[in-house]
Amino acid sequence: MTVTEDRAAPEAPAAEVGKARRRKEDARLITGRTTWTDNLVLPGMLHLAVVRSPVAHAKLRGVDVAAAQEAPGVIAVLTGRDLAEEQGSIPCAWPVTPDMVNPGHPSVAVEEVNHVGEAVAVIVARSKAAAQDAVELVDVDYEQLPAVLDMEEAIAQDPSLCHDHLDSNQSFHFVFDGGEAGTGSDTEQAFADAEVVVSRRFVQQRLIPAFMEPRSVVVQPQGDNYTVWSSTQIPHILRVMLAMVTAIPEHKLRVIAPDVGGGFGGKLQVTPEEVISLLVARRLGKPVKWTETRSESLMTAHHGRDQIQYIDIAADREGNVKGLRCRILADMGAYLRLISPGIPVLGAFMFNGIYKFPAYRFECRGIFTNKVPTDAYRGAGRPEATFAVERIMDELAVELDMDPLELRRKNWIKAEEFPFTTVAGMTYDSGDYDTATQEALRLVGYDELRAEQRRRRESGDPVQLGIGFSTFTEMCGLAPSRVLGSLSYGAGGWEHASIRMLPTGKVEVVTGSTPHGQGHETAWSQLVADRLGVPFEDVEVLHGDTAISSRGLDTYGSRSLVVGGVAVVNAADKVVAKARRVAAHLLEASEDDLEFTGGKFSVRGTPGSDLGIQEIALATFAAHNFPEGVEPSIDADATYDPENFSFPHGTHICAMEVDTETGMAKIRKYACVDDIGTIVNPLIVEGQVHGGLAQGIAQALYEEAVYDADGNLTTGTFVDYLIPSAADLPHFDTGNTVHSAPGNPIGAKGVGEAGCIASTPAVVNAALDAVRHLGVSDIRMPLTPERVWRAIHEGGDGGSRASARTNAQAVDAAEAPAASSQAGNP
Ligand code: MCN
């Protein structure tokens, strides 16, 4: 990792911030000495197993549980009808339009099932094995209905319906007009006047978050109090939602997320199984546990992405972009989950990327299909947007016969133009796309790669080389509450922290950000060690338990450092301010005469007058000699709600070898230079970037959730759902430029999703650059050897139905969503 620039850093790096500390939490995680939810064993605990629908769409004629109820070890079998009065609906907290259609989602199906894997009954037994054995004994009578599986067919004329009682398969139609008049007329005019229009249809395949630790829930009832342990990203949000769904008062619910083995957005959810476990524990007055199997996880935990994108770009012949038009079909699956509709809508503000489009229109239809619901998956809306704009910029470059970087450079926001308000209404805070790109070109060895590419072309080498770019930015640090409110999101985006100064001078930091692999314990310790001037080892970070950290909005959207970390820093500053009063009293000096450095207060100009903040903690505990009228505590709380999102950016370059005889695409080199402002812990950041790259590359090359014609998930095991291991991935050359985030006291921007957002288009652009001269204009993701081979040998366009079109054709296409199928894709 290289750091190339520190142009705008606010102050000299402090002692801990910037240090590549190994993660405090890793010793217990990698030696297995922690308590995952499934490790919990409570006296008298019962086990749950869920009976799941094997059909995608059916009316439930009857659920016969008699045999299961008689099975050895079985305590109870509950159907949707048994729970109908109390189960409510799984909540959707993001009504993106006032008329959004939400069919409701009972945790256990009552009248109908709408996807394979939907719960139809719950077995409660003395052991997990007994519960699972009894699943086979439940006899369900399904009256099968046609399954809706294809979004374009779902909105064609007279489609089958995903939900019989609804009028159509459309949940919502969200429109955002970035034209000056806000009517879309600017965009239409821009396209009418444009010299060049390029249109593409891109497919964002369905993905599965596939976290390492499966989902697991344990519920312990104690009188009318309930403790819920869950492998979740969102204990705080879960508590509120469980209270609303089950009508158990919120103060009677305690939610604990112990160490959580990954989430990637997949555990940003309120699941049917969490609700079921709580309802069963309440009914039986006994502790219960549910832990999913891996295939249950792949089949029923929410999926991600799944969009069809119709993208039109307008430009003049010199390569100045004039307009961008995006029509998106977003597959919601069978139900709306916690923030399903918000995911594609988040992308609405990022399709324009880093470019100065004068006109922009985005519209998105949320479509119901008889598949598992989709929701957050690392990047959530922003990878989809970045992919579309970075791919269409390459297609425009081909159409104009321009170098793809030259086209980007011509149109991107210049360093001196920050802060810059885009056509999508976002104010990008800081950055320098040119410097990051120069550094990435150096890291990847660009000139040599281009020379090699020429040699291979000229010699007709069966292995061709391509180079692909992604010059991206993203909107992360989800907050500010008022903006989330304006988008109709049901919650805010602030974060809370408290700092408790213990009598011995040790420090407890309580954070509302609930990590599930990000290393907050280490990074927060570094922040506090610097701010309070105490040793890193003296700081303990507590999280993930609503009884300990009572306020919080949890971890997603790369928000923890730029929102939760700032709350921690603000709380630390308040501790120092309180301690200053005590120090002034004990040192018999005026507060104004005190300096605070390295954890010690001293009277300016009086050598030897030191008093450490840890000593002040003891003096506060004793409170024998305390300033009059001051409460004996230097603990502090802070809640932080930023004014703006955080906009990290970077340049990612992929060099790809494509074997034209076998279709095998192999990454030869991958270099990226990210700008995430001040870096708190370079080791954690590098890990985050590597993990994100692995996931973004996996979307490009390996992963896809595939359903058959009957709505069965055919990629329901890790044999079929191809997750790359480290051995499948190249070495990454990573670097950073540093443009500190103005308005953020740490100067930091988020990093948790950057690699995932940036990498996918760089990889696909590289593969296309390798084979474009063979007549290939697109290849549908993932770029399997078969698809690549077919594209080369059968001349496919990968589902884009590509080609530069005339203005008139492009405008016509905008009127009616294209309705062709994906047939013919390589
Ligand atoms: N960091 C830093 N300096 C910066 C930015 C971040 O040192 N300038 C550090 C932070 O202190 C934190 C880590 O990097 O320890 C990630 O910080 P941040 O960007 O704030 O992201 P979050 O902590 O909010 O994490 C969420 C993000 C998301 S949205 C997904 S999805 C994701 C991800 O993090 N899922 C993960 N990373 C993951 N990593 C693991 N191991 N497992 C997952 O499920």
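These legends cover close-up views of a predicted model with a ligand.

**View 1. The shell around the ligand.** The ligand is surrounded by 33 residues, each with a heavy atom within 4 Å of it. Gly 263, Gln 518, Ser 560, Gln 688 and Val 751 are the closest. By class, the shell holds 12 nonpolar, 17 polar and four charged residues. Here Ala, Val, Leu, Ile, Met, Phe, Trp, Tyr, Cys and Pro count as nonpolar, Asp, Glu, Lys and Arg as charged, and the others, Gly among them, as polar.

**View 2. Helices at the ligand.** Three helices each give the shell at least two residues: α16 (520–532), α17 (560–586) and α19 (682–701). Helices are DSSP runs (H or I, at least four residues), numbered from the N terminus.

**View 3. Polar contacts and cover.** Polar contacts pair N or O atoms within 3.5 Å. His 520 places a polar side-chain atom 2.7 Å from a ligand oxygen. Leu 561 has a backbone N or O atom 2.9 Å from an oxygen atom of the ligand. For Lys 749, a backbone N or O atom lies 3.2 Å from a ligand nitrogen. On its own the ligand has 840 Å² of accessible area (Shrake-Rupley, 1.4 Å probe), and the protein covers 95% of this.

**View 4. Confidence along the chain.** Mean pLDDT (the predictor's confidence in each residue, 0 to 100) is 93, and 94% of residues reach 70 or more. Residues 5–13 stay under 50. That stretch has 13 contacts (heavy atoms within 4.5 Å) beyond four places in sequence. Residues 799–826 are also below 50, with 64 contacts beyond near neighbours in sequence.

**Notes.** Residues are numbered from 1 along each chain as its sequence is written. Local features need pLDDT of at least 70, side-chain atom pairs count only at pLDDT 80 or more, totals for chains, interfaces and linings use all residues, and side-chain values use heavy atoms, without hydrogens and water.

Terms used: A polar contact is a pair of N or O atoms within 3.5 Å; within protein, one must be able to donate a hydrogen and the other to accept it, and residues adjacent in sequence count only if both atoms are side-chain atoms.
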